[in-house]
Amino acid sequence: MAQQDAAPDGGGELHEIVSAVSRGAPEYRQCPHPMYAALREQDPVCRLTPPHGIETYLITRYDDARDALSDPRFSKNMHGAIDTYHAVYGSFFDALDDNVLFSDPPRHTRLRRVLRSAFTPRRVEQMRPRITAIAESILRECRRAGTVDLMASFAFPLPVAVLCELMGIPQEDRPEILEQFAVVTRSRFDPSRKAELKAAEERLQHRLERLISDTRAHPSDSFLGDLLQAEERLEDSELVASLWVLFFAGHKTTAYQIGNSVLNLLLRPDQAALLRKDPALIPRAVEEMLRFEGSVETSTFRYAARAAEIRGTAIPEGSLVQIAISSANRDPEKFDLPDELDVTREGLQGTHLGFGHGTHYCLGAPLARLELEIALATLLREFPDMELADAQETGRAWLKGPVPAFRGLEHLRLVLEPPRPGADPGEASLASVASGR
């Protein structure tokens, strides 16, 4: 068993496991997989008692999860259960969250259709050279540091820069807009920052409105520019909310997935060696990483718009429904040897649930795949000998908190160019100078 899986074995009493999952206990957040395995066997549609007090049902088996992700009885329309939404997420500035992620058909269908018209595979593929250049530029700075926190130095800066390019945010405007995004995302789950959050969200809304106005006055070849030129137009409020959800969802999920992927490769040198030997395996490896340790641990807000029953468990109307993506993607009834990472595993695209399923399948999946492929390829090429600075510390670095929305690392400290055994200490630096690095 790899080092990061060395957590409580999930073999305790069922009520103890349910309690740990309900409250987001540290031992559960550190490594949820053994507990998910126990729930799949003993209580696959599990009733939780989370801190927010809303009756919640957790779905852990693959077949049930896949069905639930597209079940119209489980609504994502936050306005249909606004009190429940606020109980779970807090009383946020609802204008930002009134977006495609928290809506149902027919509104969801209309919003998604317009967004997809501007977020085409052609546009994504055209970004490949630019994303590669961004990744290489960031890693040049990392090389100068030697030992880095990959999360802060690379995993987060890369998708943030890519999204700014996609949205067409001018270079000179990025610091201000990114700071406002940072304040909002930092304050969202901290009740003590309620006043700060309200002010930050209002500023962010007004700043995005100005970006829309500027792009309308000076059209750009960008995602936002295409939206403004689309045959079917969105209202400005819908554009603001769309930019917000694209940024919020698009940068965190990709950043945490980069960290998860690099950690798991470093814990399994044989798998990393396969990718260094044959980089053509990297797209397949990305799908396996999304299955094995995806950055989206559980699905976003859903509630039972009407009563339902799954595997004999009644889910009352109004209850929250959580879908354990991380559990479904390790279900042995669906995947052979699911707790083993195999970068040569075939047939995963369209099978694993890392990007969801059904009408809410991740709109940004093509861009995320491209970013992940480029991130892994450039890291493995530029730093083939990188290693964990402290493997014991890494085992304690997983995100904490009661809501397991994301599965990711708070930090990932790496030595990018460790000295080779027997090498002269100055050899590495001399080689770097000689190569122009």
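Visitor: What makes R29 and E297 a salt bridge?

Guide: In this predicted model, their side chains come to 4.0 Å, N to O. The cut-off is a Lys or Arg nitrogen within 4 Å of an Asp or Glu carboxyl oxygen, so the pair counts. R29 belongs to helix α2 and E297 to the loop between α17 and β5, so parts 268 residues apart in sequence get tied together.

Visitor: Why is R29 called buried?

Guide: Buried means under 20% relative accessible area, and R29 has 3%, so the label fits. E297 goes the same way, because its value is 0%.

Visitor: And what makes R107 and E238 a pair?

Guide: Their closest N and O atoms are 3.9 Å apart, and the limit is 4 Å, so this is a salt bridge. R107 sits in helix α7 and E238 in helix α15, so the pair ties parts 131 residues apart in sequence.

Visitor: Is R107 buried or partly exposed, and how do you know?

Guide: Partly exposed: R107 is at 26%, and that class runs between 20% and 50%. E238, at 9%, counts as buried.

Visitor: How do you know that E176 and R207 meet in a salt bridge?

Guide: N to O is 3.2 Å, which is within 4 Å, so they qualify. E176 is in helix α12 and R207 in helix α13, 31 residues apart. E176 is partly exposed at 34%, while R207 is buried at 2%.

Visitor: Why is helix α3 called mostly covered?

Guide: Because seven of its 10 residues are buried, among them H33, Y36 and R40. What covers them includes α1, α2 and β1.

Key:
Residues numbered from 1 in each chain as written. Predicted model: local features only at pLDDT ≥ 70, side-chain atom pairs only at ≥ 80, totals over all residues. Heavy atoms only, no water. Buried < 20%, exposed > 50% of the residue type's maximum accessible area, 1.4 Å probe, protein only. Helix = DSSP H or I, 4+ residues; strand = E, 2+ residues; numbered from the N terminus. Contact = heavy atoms within 4.5 Å.
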